[in-house]
Amino acid sequence: EAWQIKVDSMPLDREGCFGYYAHSNVSDYEKIVLGVENLSTWCHELIHAADKRLGGLKEKKWHREVVAELGGAVLLQLLGKEHDADLGGAYDYIHSYAQQEKMDPIRACILTLNRTCDCVDLILDAAKQVQMESPLAVNA
C-alpha cells in the first residue's frame with residue numbers, strides 16, 4: 001500500500017511461474033501477481049519492486065533473480081519467519097540461475113549481496129515509516 005503496488009492473484013502457471021512483478025518504465029504502474037499463497041514468493045516479488053525503486057532491474061536476468069530470491073529469504077529470516085524463508089528452495093532457485101551462467105551459487109550471492117541488502121533495507125525502512133505514521137503508533 002505504501003508503494004501503491006496493485007496486488008492480484010492468478011491460477012498457477014503451467015510452466016511453474018508462482019508469481020511475477022510487473023511495472024511500466026513510462027508510468028508509475030506496478031503490480032505483483034501471485035499464483036501461490038506463500039510468503040517466500042510474496043517477498044521475492046516485493047524485492048523486485050524494491051530493486052526497481054533503487055534503479056535496478058537493468059541487470060541480466062540471473063542478477064535480478066538472485067537479488068530477489070536471496071533478498072526474500074533474508075527478509076523473512078530477519079522477520080523471524082525461518083520456515084517461510086525456505087532456504088533450501090532459495091538455494092535451489094539461485095543455483096539454477098547461477099548454473100546458467102556457469103557460476104557457483106555462492107559466487108552469485110556474493111556478487112549481488114550489496115544490491116540485495118539495499119533492497120531489504122529499503123523494505124524495512126518503508127515498513128518502519130508506515131508503522132510510525134500509523135494512528136495506532138505509540139508515542140515514545
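How do the residues of the lining of the second largest pocket divide into nonpolar, polar and charged? Hold on to that one, everybody; we'll come back to it after a walk through the fold. Please remember as we go that this is a predicted model.

Let's start with the sheet. There are three strands here, and they make an open sheet with mixed pairing, running in the order S1-S3-S2. The edges belong to S1, residues 6-9, and S2, residues 19-23; each has a single partner strand, so one side of each has no neighbour in the sheet. From one strand to the next, the twist averages 20°.

Now look at S2 beside S3, which spans residues 30-34. These two pair in the antiparallel sense, over five bridges. If you want a spot to put your cursor, try Ala 22, which stands opposite Lys 31 in S3. Packed on the sheet is helix H1, residues 39-53, touching S1, S2 and S3. The direction of H1 makes about 20° with that of S2.

Keep H1 in view, please, as we turn to the pockets. The largest pocket has a volume of about 570 Å³. Its lining counts 25 residues, and the closest to the centre are Gly 19, His 44, Glu 45, Glu 65 and Tyr 93. Which elements supply at least two residues each to this lining? They are S2, H1, helix H2 at 61-78 and helix H4 at 87-100. H1 gives the largest share, with five residues. As for character, the lining of this largest pocket has eight nonpolar residues, nine polar and eight charged.

On to the second largest pocket, then, with about 440 Å³ of space. Here 18 residues form the lining, and nearest the centre you'll find Glu 1, Ala 2, Trp 42, Leu 46 and Ala 127. H1 and H2 turn up again: together with helix H5, residues 105-133, they are the elements that give two or more residues to this lining. The largest share this time, five residues, comes from H5.

And that brings us back to my opening question. The lining of the second largest pocket divides into 16 nonpolar residues, no polar ones and two charged. Put that beside the eight, nine and eight of the largest pocket, and you have the two linings to compare for yourselves on the screen.

So, to leave you with one picture: H1 packs on the sheet, supplies five residues to the lining of the largest pocket, and also contributes two or more to the lining of the second largest. Thanks, everyone; I'm happy to rotate the model for anybody who'd like another look.

Note on methods:
Residues are numbered from 1 along each chain as its sequence is written. This is a predicted model: local features need pLDDT of at least 70, side-chain atom pairs count only at pLDDT 80 or more; totals for chains, interfaces and linings use all residues. Side-chain values use heavy atoms; hydrogens and water are left out. Two strands pair if DSSP finds at least two bridges between them. Helices (H or I, at least four residues) and strands (E, at least two) are DSSP runs, numbered from the N terminus. Axes are lines fitted to C-alpha atoms, for helices over the stretch in contact, and angles run from 0 to 180 degrees between N-to-C directions. Contact means heavy atoms within 4.5 Å. On a 1 Å grid over the protein atoms alone, a cavity is a set of points where a 1.4 Å probe fits but cannot get out, and a pocket is an open set with protein on both sides within 12 Å along at least five of seven lines; lining residues have an atom within 4 Å of a point. Grid points are joined across faces, edges and corners, and a volume is the space filled by probe spheres set on the points. Ala, Val, Leu, Ile, Met, Phe, Trp, Tyr, Cys and Pro count as nonpolar, Asp, Glu, Lys and Arg as charged, and the others, Gly among them, as polar.
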